[in-house]
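User: Please take a close look at one part of this model. I would like its cover, its partners and its surroundings in one connected account.

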Amino acid sequence: QSLDFANVKGRSEFDGKEIGAGPGANVMGGALISLAWLANKLIEHGKYLKAGDVVLTGSVHPPVFLPGPGVAKTEFVGLGGASITVK
């Protein structure tokens, strides 16, 4: 509850070279703002978020096309990340 999503730094790299980065505020001012917007928009259409729904709130940097085979990594500094090997 004390995590400041707006100031968490997100970054992505490809083969060890940074390809994008930015603060959580780049996602509509913060991930919780984005989530609230989505929930309210769904309500306008008679739909609701349910327990277990997976929500991607947005990206801290513009999308980047990967140049080819290699290892792509993304992380939220201090929180964790993920990687994928592209063949």
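Analyst: Start with a charged pair: Arg11 is buried, and Glu13 is buried too. The model is a predicted one. A salt bridge links Arg11 to Glu13, with the closest N and O atoms 3.1 Å apart. Arg11 has another acidic partner, Glu18; here the closest N and O atoms of the salt bridge are 3.2 Å apart.

How is Glu18 covered: buried, exposed or partly exposed? Its relative accessibility is 39%. Buried would need under 20%, and exposed over 50%, so Glu18 counts as partly exposed. Arg11 therefore joins a buried acid to a partly exposed one.

Now the backbone around these charges. Strand β1 covers residues 9-14, and five of its six residues are buried. Strand β2 covers residues 17-23 and runs antiparallel to β1, with six bridges joining the two. One of the pairings sets Glu13 against Glu18 in β2. Glu13 and Glu18 are thus bridge partners, while Arg11 holds a salt bridge to Glu13 and a salt bridge to Glu18. Phe14 faces Lys17 in β2. The hairpin of β1 and β2 has two residues between the strands, and Asp15 there has a positive phi near 50 degrees.

β1 also pairs with β3, in the antiparallel sense, over five bridges. Here Glu13 stands opposite Lys73 in β3. Glu13 has a bridge partner in β2, Glu18, and one in β3, Lys73. In a regular strand, side chains alternate between the two faces of the sheet.

Follow Lys73 outward. Its bridge partner in β4 is Ser83. β3 (residues 70-76) and β4 are antiparallel and share seven bridges. Three residues separate them in a hairpin, and Gly78 in that turn has a positive phi of about 90 degrees. How many residues of β4 are buried? Zero of the seven, residues 80-86, so the strand is hardly covered by the under-20% cut-off. In β1, by contrast, five of six residues are buried.

Back to β2, where Ala21 sits. At 30% relative accessible area, Ala21 falls between the 20% and 50% limits and therefore counts as partly exposed. Setting aside residues up to four places away in sequence, Ala21 touches Lys9, Gly10, Arg11, Val60 and His61. Arg11 is among those contacts. Thr74 is 53 residues from Ala21 along the chain, and their C-alpha atoms are 9.3 Å apart.

His61 comes from the loop between α1 and β3. Buried or exposed? Its relative accessible area is 14%, which is under 20%, so His61 is buried. With residues up to four places away in sequence left out, it touches Ser12, Gly20 and Ala21. The side chains of His61 and Ser12 also make a polar contact of 2.8 Å.

Widen the view to charge pairs. The whole structure has five salt bridges. One of them runs from Lys50 to Asp53, and its closest N and O atoms are 3.9 Å apart. Lys50 is exposed, because its relative accessible area of 55% is over the 50% limit. Asp53 counts as partly exposed at 35%. Arg11, Glu13, Glu18 and Glu75 form one network through salt bridges that share partners. Arg11 is such a shared partner, with a salt bridge to Glu13 and another to Glu18.

One surface feature completes the picture. Leu3, Phe5, Leu32, Phe76 and Leu79 make up a nonpolar surface patch, with about 450 Å² of accessible area together. Leu32 belongs to helix α1, residues 31-44. Its relative accessibility is 52%, over the 50% limit, so Leu32 counts as exposed.

Conventions: Residues numbered from 1 in each chain as written. Predicted model: local features only at pLDDT ≥ 70, side-chain atom pairs only at ≥ 80, totals over all residues. Heavy atoms only, no water. Patch = residues over 30% accessible without salt bridge, like charges linked within 9 Å, V, L, I, M, F, W, Y side chains within 5 Å. Areas by Shrake-Rupley, 256 points an atom, 1.4 Å probe, with all protein chains shown as cover. Salt bridge = Lys/Arg side-chain N within 4 Å of Asp/Glu carboxyl O. Helix = DSSP H or I, 4+ residues; strand = E, 2+ residues; numbered from the N terminus. Buried < 20%, exposed > 50% of the residue type's maximum accessible area, 1.4 Å probe, protein only. Pairing = 2+ DSSP bridges. Polar contact = N/O pair within 3.5 Å; in protein donor to acceptor, adjacent residues only side chain to side chain. Contact = heavy atoms within 4.5 Å.
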